[in-house]
Every structure is written in structure tokens, then in C-alpha cells.
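Q: Could you walk me through this structure before I set anything up on it? I would like to take it piece by piece, and I will interrupt as we go.

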Amino acid sequence: MADGTESARTESARASVGGAPPGGGPAPSPEDAYLERRTLRRGSAGPLLLTGLGVAYVVSGDFSGWNFGLAEGGFGGLAIAALLMGLMYACMVFALAELAAILPTAGGGYGFARRALGPWGGFLTGTAILIEYVLAPAAISIFIGDYVESLGLFGLESGWPVYLACFVIFIGIHLWGVGEALRFSLVVTAIAVAALLVFAVGALTDFDAGSLNDIPADHSSFGASSWLPFGLLGIWSAFPFGMWFFLGVEGVPLAAEETRDPARTLPKAMAWSMGILLLLALLTFLAATGARGPSAVQEAGNPLVEALQPDGEATVLSRIVNYAGLAGLVASFFSLIFAGSRQLFALSRAGYLPRFLSLTSSRKAPFLGLLVPGAIGFALAAWTGDGARMLNTAVFGATISYALMSLSHIVLRRREPGLERPYRTPGGTVTSSLAFVLACSALVATFLVDKDAAFIALGVYAVALAYFAFYSRHRLVAAAPEEEFAALAEAEAELSRD
């Protein structure tokens with residue numbers, strides 16, 4: 001039975017990749033030749049670079065965006081929302097650390113869902129992640145343009161030339177090589193984190209707990225008070241903004257195929273990343289709201305700078321933080337470009353998306369996986385100029401992927417309890433179940449904040465699903481790592497039944 005299963009799987013792989021090997025002598029099999037043109041550079045990332053990558057994904061969210069949640073829930077509402085979303089991310093990261101140690105492939109969340117939920121589950125998860133990682137850099141390029149203009153750098157104004165420069169320069173660094181790209185990201189991220197710590201020290205000297213409830217209460221809202229000015233519903237509405245302190249950290253496993261000893265390195269790097277982000281979220285939130293009060297920063301595009309300028313006059317510290325905010329945006333933009341390219345690479349290599357998108361260069365960089373999302377992101381940024389709308393759309397995609405990845409952990413724990421697990425999630429399925437419930441709650445909350453963004457994401461989802469249903473699901477590549485894992489699991493299950 002095992003031989004028959006293996007033979008069938010090999011024939012399927014040959015049919016999927018197609019073609020005959022050229023030349024004489026012992027030639028590689030068609031599936032080997034296919035994967036040879038779709039190989040990433042192995043062993044380029046260690047624990048430090050991966051930890052930096054996890055923080056880089058997120059750090060721009062500390063400088064701006066989260067503060068708009070104050071207008072939805074006030075200080076108390078956003079504080080509770082950020083606490084719950086931090087709990088969701090911590091639980092999910094522990095679950096993903098286990099899955100990444102089991103399946104260390106570039107597919108990340110899509111690969112986990114493929115193993116647990118089948119091809120449909122894999123595609124649904126991968127598409128949701130791709131929506132997040134294509135739209136978020138587009139939005140951040142607009143915010144970079146705003147910072148460049150506000151700082152008066154080179155006399156530039158926010159617009160398509162700045163957006164284009166962002167994509168061209170930083171995609172170029174990625175094309176140079178993953179090791180170089182991650183080292184650049186680490187340096188920029190370190191600058192941004194240092195600036196956040198400097199900001200916290202400066203702002204906390206003016207901390208006034210009495211000003212934290214300065215947003216007037218809307219007594220028509222159920223449960224409204226001075227600490228919850230918009231009532232209990234305000235907590236729920238603030239969920240998407242509480243996510244901004246952590247949005248993107250789940251992308252660390254996408255570097256699995258470029259990691260040294262991924263079964264050990266990935267869980268360690270993810271845990272360190274999450275710990276750093278929780279600390280930064282606490283310091284940033286308390287310092288920014290306590291220095292001048294929530295009402296002063298709730299609508300600011302640069303809330304940290306606003307918190308340091310009580311009289312509206314720029315200071316040395318506020319200028320430092322302003323420039324560092326630009327560094328934070330660059331770090332997140334740069335790392336999200338990396339994440340999107342790896343997700344697209346993995347989906348394409350397995351045949352879920354057009355296969356040519358997974359071709360790699362002589363430096364083992366997925367060049368089309370970088371260029372195509374970059375072109376789409378630039379076009380969206382230049383056409384709409386609406387960074388907030390694109391980020392809300394990205395958050396919608398993120399929450400779908402979080403629910404499906406958490407569900408994948410639960411399914412694999414119950415369906416394959418004997419699977420070798422180099423790392424085990426503390427709390428097991430209780431931990432991932434909590435992440436699943438909170439992710440579903442956050443998904444519903446996106447409709448409370450921006451219905452248009454949610455429906456835009458649903459429209460993109462519908463088009464992608466139609467492509468998969470009618471075309472790509474019949475042309476999957478059995479030799480791709482994620483499909484190999486799934487085929488092996490099916491063969492083992494069949495053997496156990498026999």
C-alpha cells in the first residue's frame with residue numbers, strides 16, 4: 001500500500017510539473033528541476049535577525065495608527081482592546097511556533113492550514129495573508145510620504161514619486177539577497193525601537209493620570225463612564241486599533257526556509273519578538289496618552305510627536321522622535337515587502353497561483369514575488385492615496401488568517417496527536433482556542449469601524465476563490481513542500497487504517 005501511494009504521488013508530481021529533462025546522463029526528475037528554479041537561500045537567518053524581523057513588521061504601528069482607537073473607545077476602551085488583542089497575538093504566536101517547528105516551509109500560515117484543513121483551507125488562509133501583506137506596504141508608503149513632507153526632507157511633497165522611490169529602493173535591497181535585506185531591516189528597526197524608548201522616558205516625565213479620562217462620556221452608550229466614554233461597544237470597536245501594536249508579527253514563519261535550524265530558531269525568535277512588542281505597546285500607550293491626555297492625540301497623524309509638544313512648538317526630543325517615526329515606517333514597509341513576497345512565492349510554487357511567480361533569481365530571491373506585489377501596491381497607493389482605508393482592508397484579511405491558523409493548530413492537535421513536535425504550545429488547544437475566539441471577534445469588529453474596507457476585502461476574496469475553484473485547484477504541484485507534507489500525512493493515515 002505504501003509503494004502504491006508513493007507511486008501515485010510521484011506520478012501526480014510529474015503530471016503537475018510537466019515536461020522532460022534535457023541532456024544526457026542521469027537527469028534530475030521533472031519535480032526536482034521544477035523546484036531547483038524555485039529555491040530560496042538556506043541558512044541566511046538566525047535568532048537575532050528573525051527577532052528583528054518580527055519587531056520590524058510591527059514597529060510602525062507604535063508610531064501612528066493605534067491612537068485612532070481613542071476616538072472609538074476612549075482610554076479605557078482602547079486599553080482593554082489592546083490588552084485583549086495582545087492576548088490574542090500571544091496565544092496565536094505560541095500556536096504558530098509549534099506549527100512552524102513541525103512544518104518549516106516558506107508557506108507559513110498557508111502551509112499550516114494546508115496540512116490541517118486541506119487545499120481549500122490552505123488557499124483561504126494564504127489569500128487572506130496575501131491581502132494583508134500587499135495592502136499594508138501600500139498604506140505605509142503613503143504614511144512615509146506624509147512624514148517626508150512634514151519633515152521638509154529635500155523639499156519633497158507626499159505623492160507618487162515618493163511612493164515609487166520607496167518601492168524601487170527597498171525592493172532593490174531585497175533582490176540583492178535575503179541576508180543583506182534582513183540585516184538592513186535589523187539596523188532600521190533598532191533605531192526605531194531606541195527612539196520609542198527615548199520617547200517613553202521623555203513623555204513619562206509629564207505623565208498625569210488625571211488627564212487619561214479627558215474624553216467626554218457619551219451617556220447614550222450602554223455602560224458609558226469617564227473611563228469608557230463610548231460604553232462597552234467602544235471596547236469592541238477599538239479592537240482593530242489595538243491590533244496595530246502587534247499586526248504582522250505572525251509573519252516570522254515565512255522565513256522558515258531561509259532559517260538556520262528552524263525547529264529551534266523560529267519558536268525562540270517569535271517568543272522574543274512578542275515579548276518586545278508587548279513592552280513597547282505598554283510604554284508607548286501609557287506615555288503618549290498620559291503626557292497630554294487622549295483627546296490631544298486621538299486624531300494626530302504623529303501622536304508621539306504631538307504628545308511631546310504641549311504648546312505646539314517643536315523640541316529637540318520631538319524632532320528626534322519625528323525622524324525615528326520615519327525609520328519605523330521604513331522598517332515595517334521593508335519587512336512587509338519580504339513577507340508578501342514569501343507568501344506569494346509559496347502559493348505560486350505549489351500551483352495555487354500562477355507558477356511563474358515563484359521563479360527565483362541567481363541570488364535565490366523570488367524576483368517576481370517581489371516585483372508583482374510591489375507594482376500592485378504602488379498602483380494602489382498612487383491611485384487612492386487613502387492609507388487608512390487600505391490598512392483597514394489589510395486588517396480584515398489578517399483577522400481571517402488568524403482564525404484559520406488558530407483553527408489549524410486545534411485540528412492538528414486532535415487529528416494527529418502523535419506528530420513529532422519539537423516545540424509544544426503552552427496550554428495546548430486551550431491557548432489556540434482563545435486565539436480563535438478573539439480573532440473571530442476582531443473580524444466582526446472590522447465591520448464596526450469601516451464597512452467599505454471589509455466589503456472591498458470580501459470582493460478580492462471572492463475573485464481569488466473563483467480562480468481557485470475553477471482553475472488552480474486542478475493544477476496543484478504535488479512536489480511542492482506543503483503538498484509533500486500533506487501527501488505524506490495522507491499516506492501515513494492510510495497505512496494506519498490498513
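Q: Let's start with Thr 393: which residues is it in contact with, leaving aside its neighbours within four places in sequence?
A: Thr 393 is in contact with Ile 131, Leu 135, Ala 453, Ile 456 and Ala 457, once the neighbours within four places in sequence are left aside. Please keep in mind throughout that this is a predicted model.

Q: Where does Thr 393 sit, and is it buried or exposed?
A: Thr 393 has its place in helix H16, and it counts as buried because its relative accessible area is 3%, where the cut-off for buried is under 20%.

Q: How confident is the prediction, in terms of mean pLDDT?
A: The mean pLDDT of the protein is 83, and 86% of its residues reach 70 or more. Residues 1-23, however, have a pLDDT below 50, and in the model this stretch has 31 contacts beyond near neighbours in sequence.

Q: Why be careful with a stretch like that?
A: Where pLDDT is low, the predicted coordinates should not be read in detail.

Q: And the overall build: how many helices and strands?
A: The secondary structure comes to 19 helices and zero strands. Of the 498 residues, 58% count as buried, and among the contacts with a separation of 6 or more, 81% are between residues 24 or more positions apart.

Q: Switching to pockets: what volume does the largest one have?
A: The largest pocket has a volume of about 760 Å³, and of the 25 residues that line it, Ile 131, Val 134, Ile 376, Leu 380 and Val 460 are the closest to its centre.

Q: Which helices supply at least two residues of that lining?
A: H6, H15, H16 (387-415) and H18 (451-470) each supply at least two residues of the lining of the largest pocket.

Q: What is the lining like by class?
A: By class, the lining of the largest pocket has 20 nonpolar, three polar and two charged residues.

Q: Ile 376 was on that list, so where is it found, and why does it count as partly exposed?
A: Ile 376 is found in helix H15, which spans residues 367-384, and it counts as partly exposed because its relative accessible area of 42% falls between the 20% and 50% cut-offs. The C-alpha atoms of Ile 376 and Val 134 are 7.6 Å apart in space, although these residues are 242 apart in sequence, and both are listed among the residues closest to the centre of the largest pocket.

Q: What about enclosed space: how many cavities of 30 Å³ or more are there?
A: The structure holds four cavities of 30 Å³ or more, and about 180 Å³ of space lies in the largest of them.

Q: Which residues lie nearest the centre of that largest cavity?
A: Ser 60, Gly 61, Ile 140, Leu 247 and Leu 391 lie nearest the centre, out of 15 lining residues. Helices H3 (47-58), H4 (60-63), H6 (109-151) and H14 (316-349) are the elements that give two or more residues to the lining, and H6 provides the largest share, with four residues. By class, the lining of the largest cavity has ten nonpolar, four polar and one charged residues.

Q: H14 makes me think of Gly 328: what does it touch, not counting residues up to four places away?
A: Gly 328, whose place is in helix H14, touches Val 59, Ser 60, Phe 63 and Ala 192 when residues up to four places away in sequence are not counted. Its C-alpha atom is separated by 7.3 Å from that of Phe 63, which is 265 residues away along the chain, and Gly 328 is buried, with a relative accessible area of 0%.

Q: Moving on to Thr 289: what does its side chain reach?
A: The side chain of Thr 289 reaches the backbone oxygen of Phe 285 at 2.6 Å. Thr 289 lies in helix H11, residues 262-292, and counts as buried at 0% relative accessibility. Its contacts outside the neighbours within four places in sequence are with Trp 66, Leu 70, Phe 75, Ser 211, Leu 212 and Pro 294.

Q: Last one, a loop residue: where does Ser 158 lie, and which side chain does its own side chain make a polar contact with?
A: Ser 158 lies in the loop between H6 and helix H7 (160-176), and its side chain makes a polar contact with the side chain of Asp 146 at 3.2 Å. Ser 158 is partly exposed, with a relative accessible area of 22%.

Methods
Residues are numbered from 1 along each chain as its sequence is written. This is a predicted model: local features need pLDDT of at least 70, side-chain atom pairs count only at pLDDT 80 or more; totals for chains, interfaces and linings use all residues. Side-chain values use heavy atoms; hydrogens and water are left out. On a 1 Å grid over the protein atoms alone, a cavity is a set of points where a 1.4 Å probe fits but cannot get out, and a pocket is an open set with protein on both sides within 12 Å along at least five of seven lines; lining residues have an atom within 4 Å of a point. Grid points are joined across faces, edges and corners, and a volume is the space filled by probe spheres set on the points. Ala, Val, Leu, Ile, Met, Phe, Trp, Tyr, Cys and Pro count as nonpolar, Asp, Glu, Lys and Arg as charged, and the others, Gly among them, as polar. pLDDT is the predictor's confidence in each residue, from 0 to 100. Contact means heavy atoms within 4.5 Å. Buried means under 20% relative accessible area, exposed over 50%, partly exposed in between (1.4 Å probe, protein chains only). A polar contact is a pair of N or O atoms within 3.5 Å; within protein, one must be able to donate a hydrogen and the other to accept it, and residues adjacent in sequence count only if both atoms are side-chain atoms.
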